Structures are given as C-alpha cells and as structure tokens.
Amino acid sequence: MDHEPLIFERSRPGRVGSNLPECDVPRANAEDLLGKENLRGKLPLPEVSELDVVRHFTRLSHRNYSIDTGFYPLGSCTMKYNPRINERTAALPGFASLHPLQPAETAQGALELIYLLQQHLAGICGMYTTTLQPSAGAHGELLSMMMIHAYHADRGDSKRNVVVIPDSAHGTNPASAASCGFKVKGIPSNSRGCTDLDALRAALGDDTAALMLTNPNTVGLFESDIVEICRLVHEAGGLVYCDGANMNAMLGLTRPGDMGFDVMHFNLHKTFSTPHGGGGPGCGAVSVKQLLEPYLPVPTVVKDAESGAYSFDHNRPKSIGKIHSFYGAFLIAVRAYTYIRALGPEGLRAVGENAVINANYVRSQLQDSYDVAYNSPICMHEVVLTASRQKQQSGVRALDISKRLMDYGIHPPTNYFPLIVPEALMIEPTETESKQTIDEFIKVMKQIAIEAVERPELLKGAPHVTPVSRLDETLAVKSLDLRYEPLFEDEG
Ligand SMILES: *Cc1c(COP(=O)(O)O)cnc(C)c1O
C-alpha cells in the first residue's frame, strides 16, 4: 500500500489555510490575565492549506468501518441502521440551538419531548416512569444500583449488601454493583445457558439487595423461568434489575415489567437506533416501578396538571442526587423519540420479530459449519456460535475467523463474550439488514469454515487487506494511542 503523507509531513513553512487578524490583546494583558507560566511561546502546528487538511481527514475517515459502510453483526451491541430522519429532527434549530441554562418556560417543546419519551419507554417496558439522564448502559446500571441501595436504606434494611449476578452477565454488571459498594455473588448458568434456579435459591438470603439479570440473556436465549426467578428474589426481600441491552428482541412482544423486574436500563444507542458514538454521547435511560420512583436522580421533568406546563423538579428529598450535568444527552432523546413515533406500536413489534427471525436464519444456515453454543430450539435476536471445532481441527480460533471476515469487508462479530462460551462468536444481524446482505455474510462464513480446514495459515495471518494487520490487542486497549503515526517503518 502507498504511504500516505501525514499532516505534519505535508507542512510547508508559511503555508496557511486561512488568515486571522492579528491578535489585538497586548501580550502584557494576556500575561496579567492568565499568568506568564500559562502562555505558550510557540505552538508547533502543521502549516498546511485547507485542501491539505480536508484531504487528510477525509482519507482517514475512509478507513473507518461503520454501519453506514457495511454489515456490522457485533453481538450485544445492536448495530442497526440509524435512520436519517432521526438526524433531521435532532438538527431542528429549536432543539439543536437550545441552551441548557435557558429558562424552562422557553423550552417547553423540549421538555414535552423528554416527558413523552419517558412515558413511551415506561410503556414499552411495562414500568411506571423513566429517567433519561444516564449517558450509557453502564451508567444506567450504576444509577439503578444506587437507587436500590437507597430503597433498602430508606426502609432501614441496611444489611442487604449483596448483588447476585449470573456468570453470563456483561462485565459492566458486576462493575456497577461493586462501584456502588455492593458485594457481588456470581451464580453459574445451567446446561441450557440460562439461570440455574437451584444456584439462585442458594445465593439468595436476607443479605440480598438485588439480582441483576439480562433478558434475553447474553447467550441470546430468553430466560423462560423469569417469572419464578423474580418471585424468588422478591420472596428473599431483594429487587430485580433487568439489563435491558437486549430489548431489541422483545420490542412490542413482551415487557420486563410484566415479568416481575423492578427496574431496567435501555440503551437508546442500541435498541432505539441512536448512534453509538465512539464513547458517547449515548443514553442509558432507566425505567422503574413505582417503588423506586422517589429515588430517581434530580431533576425530573414534571407536567403541571392544570396549566399543562412542563418544568424541572429539583425538590425531591429522597432522590439519590445528580448523576449528570443538566438533563443528559438531549439530542439523543430527540432521535429515539423520532424513531419510536415513526415506527408506532406495530413498527416496534415488527422490529422485535424481524430481529429474532434474522438471527434464527443465520443460525439455521451456519449450524453445520460451526457449532451453536447452546442447543435450544430457537434463539432470540442474536446467536452465539463457538469455534471450538475449528480450534480442535486446525488451531483456528474465533479471533482468526473474525480477522478473516475483515478481508471480506465485513465487521467481525463479538468475540470471546459471553465468557462462559469458549471461542465465542456472537452474531447479531439486527432487523435492518436485507436478506441479500445476510446471505452474503452466510456465504462468507461458510467459505471461512472451509478455509479453516484447507488453509488455516491464511486465517491465522488475517487480515491481509487492512492498513494494519494484527495488533497486540491487550496493549492496544490498555495504552490507546490516538495519534496518527507512520505505519511503514521502512518509509518512516
Ligand atoms: C452494551 C451492554 C451493556 C453496557 O452498555 P453501554 O451503553 O455500553 O455502557 C451492558 N450490558 C449488556 C448486555 C450490553 O450488551
């Protein structure tokens, strides 16, 4: 591949993109204002033209893989298409130009949207009310743990310091419980990949604050004992938290609130089609049953019954306090609201149904080429395969299969999660993909299964067509270096 000059290499002395007027603040004043030690004598920026900059960053952007460029079956993450109408409404000046400090009387439309979205979400999951404040699913989990803690403390039941979590859970679950000061008690899954009732019974006691459960769970299966599970936890005096990251499978079909859950988080950036933006902003909206309502973070958005006016309520004595500046990522709420209203109840139900159908189609087509992790009659919105067979046959691992997919222009599925499945490949096609796209993926996966037998070295060295091939994955995560560096040592 040709070496692309870096923006610093493009620098030529005196070349500029645009001319700013001379600074009219005398340096002496600046020194007074900021202190001499804070003033920089020289700032070594590249000297480039506007066109140099545009080309450089446009080229880099072409190296990104996104849902807008191709199939993205990253399990658990629900990488569905983000409809453009969502962007259109979020860009309406009345929303986009709002200032968070402007008086509520001048932002009634925005408050109404927040209020309505909270109600829609509560209706979709069968709860009482919702807060949109958390920035992400993990943030919603933490908030929920804080509210559960406050609930027990309020009742004077202070010895409840244990949160029970199945071993299939997303890593954020134990992290959130521990961050809130709870002790985490793990319980094993049964041979069907679901919560083991005996293990649950044994784990529950008068120290149980809550059970955190993902439904459908992280192996893509519906917890069919869910009503009994919730009953057992309630009987022990605990509350039941639903990790709702997998809500896409249940939209319009069933509701966690009806199953017995007391509180859950949504990932608006998964289920409700708002972008997963490189770490933010997202929204991990949390819906609660009435018993947790007093503990919601401040402020809440309330509607005056007589005048119909909306306002922020800061006067909530039992609230766990603030968890976000202002009221969270408002424009994410606009996108999610648009999505829900554009689809309507029938559309949401079709999302759930098609998400499940698509995953089962992938499963049925690939189950000869790969082993399915758990042999239930159907899966929900995602299917977990395992590359154990390939590993045994030719030493090809799930990672090698994923890397090889990149050569075919497809984003890898989730690897090595859930932890209870060895060599896991977790595939979530989502409802927004066409049969043609899914068929293409199936064809490639079958081809890779053949390659794994006939040319294993090809997979172990993949990817072959990307700007960089194998990275030290641990190092890349632990010491992320976001600078753009030369890739080719011989030309450096
Ligand atoms: C994505 C996910 C989370 C965390 O959500 P974030 O928005 O990434 O913080 C938690 N649990 C499950 C099962 C998930 O898939």
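**Figure 1. Strand β5 in the predicted model is mostly covered.** In this predicted model, five of the five residues of strand β5 (residues 239–243) are buried. Leu-239, Tyr-241 and Asp-243 lie on one side of the strand, Val-240 and Cys-242 lie on the other, and both faces are covered. In a regular strand the side chains alternate between the two faces of the sheet. Strand β4 (residues 208–214) runs parallel to β5 and is joined to it by five bridges. Within this pairing, Met-212 stands opposite Tyr-241 of β5.

**Figure 2. Side chains of Ser-76, Asp-243 and Asn-267 approach polar atoms of the ligand****.** Asp-243, one of the buried residues of β5, places a polar side-chain atom 2.5 Å from a nitrogen atom of the ligand. An N or O atom in the side chain of Ser-76 is 2.6 Å from a ligand oxygen atom. For Asn-267, a polar side-chain atom lies 3.0 Å from an oxygen atom of the ligand. Of the 380 Å² of accessible area that the ligand has on its own, the protein covers 86%.

**Figure 3. The shell around the ligand includes nonpolar, polar and charged residues****.** The surrounding residues are Ser-76, Ala-136, Gly-137, Ala-138, Glu-141, His-170, Thr-172, Asp-243, Ala-245, Asn-267, His-269 and Lys-270. Three of the shell residues are nonpolar, six are polar and three are charged. Helix α6 (residues 137–154) makes the greatest contribution to the shell, with three residues.

**Figure 4. Pro-256 is a buried residue of helix α10****.** Helix α10 spans residues 256–259 and contains Pro-256. The relative accessibility of Pro-256 is 0%, and therefore this residue counts as buried. Apart from residues up to four places away in sequence, Pro-256 touches Cys-125, Met-127, Cys-242, Met-247, Met-250, Phe-261 and Met-264. Among these, Cys-242 is also a buried residue of β5. Arg-160 is 96 residues from Pro-256 along the chain, and the C-alpha atoms of the two are separated by 24 Å.

**Figure 5. His-381 is buried in the loop between β10 and β11****.** The loop that holds His-381 connects β10 (371–372) and β11 (383–386). Because its relative accessibility is 1%, His-381 counts as buried. The side chains of His-381 and Asn-246 are joined by a polar contact of 3.3 Å. When neighbours within four places in sequence are left aside, the contacts of His-381 are Pro-216, Asn-246, Ala-249, Ala-355, Val-356, Ala-359, Glu-428 and Pro-429.

**Figure 6. An open sheet of four strands has antiparallel pairing****.** The strand order is β10-β11-β13-β12. The edge strands, β10 and β12 (414–415), each pair on one side only. Strands of a sheet pair through backbone hydrogen bonds, either parallel or antiparallel. Two bridges link β12 to strand β13 (residues 424–427) in the antiparallel sense. Thr-414 stands opposite Met-426 in β13.

**Figure 7. Helix α13 is mostly covered****.** Nine of the 10 residues of α13 (residues 398–407) are buried. The buried residues are Ala-398, Leu-399, Asp-400, Ile-401, Ser-402, Lys-403, Arg-404, Leu-405 and Asp-407. They pack against strands β12 and β13 and against the helices α12 (388–394), α14 (435–454), α15 (456–460) and α16 (473–478). Just after α13, Gly-409 adopts a positive phi of about 80°.

Key: Residues are numbered from 1 along each chain as its sequence is written. This is a predicted model: local features need pLDDT of at least 70, side-chain atom pairs count only at pLDDT 80 or more; totals for chains, interfaces and linings use all residues. Side-chain values use heavy atoms; hydrogens and water are left out. A residue is near a molecule or strand if one of its heavy atoms lies within 4 Å of it. A polar contact is a pair of N or O atoms within 3.5 Å; within protein, one must be able to donate a hydrogen and the other to accept it, and residues adjacent in sequence count only if both atoms are side-chain atoms. Accessible areas come from the Shrake-Rupley method with a 1.4 Å probe; for residues, only the protein chains shown count as cover. Ala, Val, Leu, Ile, Met, Phe, Trp, Tyr, Cys and Pro count as nonpolar, Asp, Glu, Lys and Arg as charged, and the others, Gly among them, as polar. Buried means under 20% relative accessible area, exposed over 50%, partly exposed in between (1.4 Å probe, protein chains only). Contact means heavy atoms within 4.5 Å. Two strands pair if DSSP finds at least two bridges between them.
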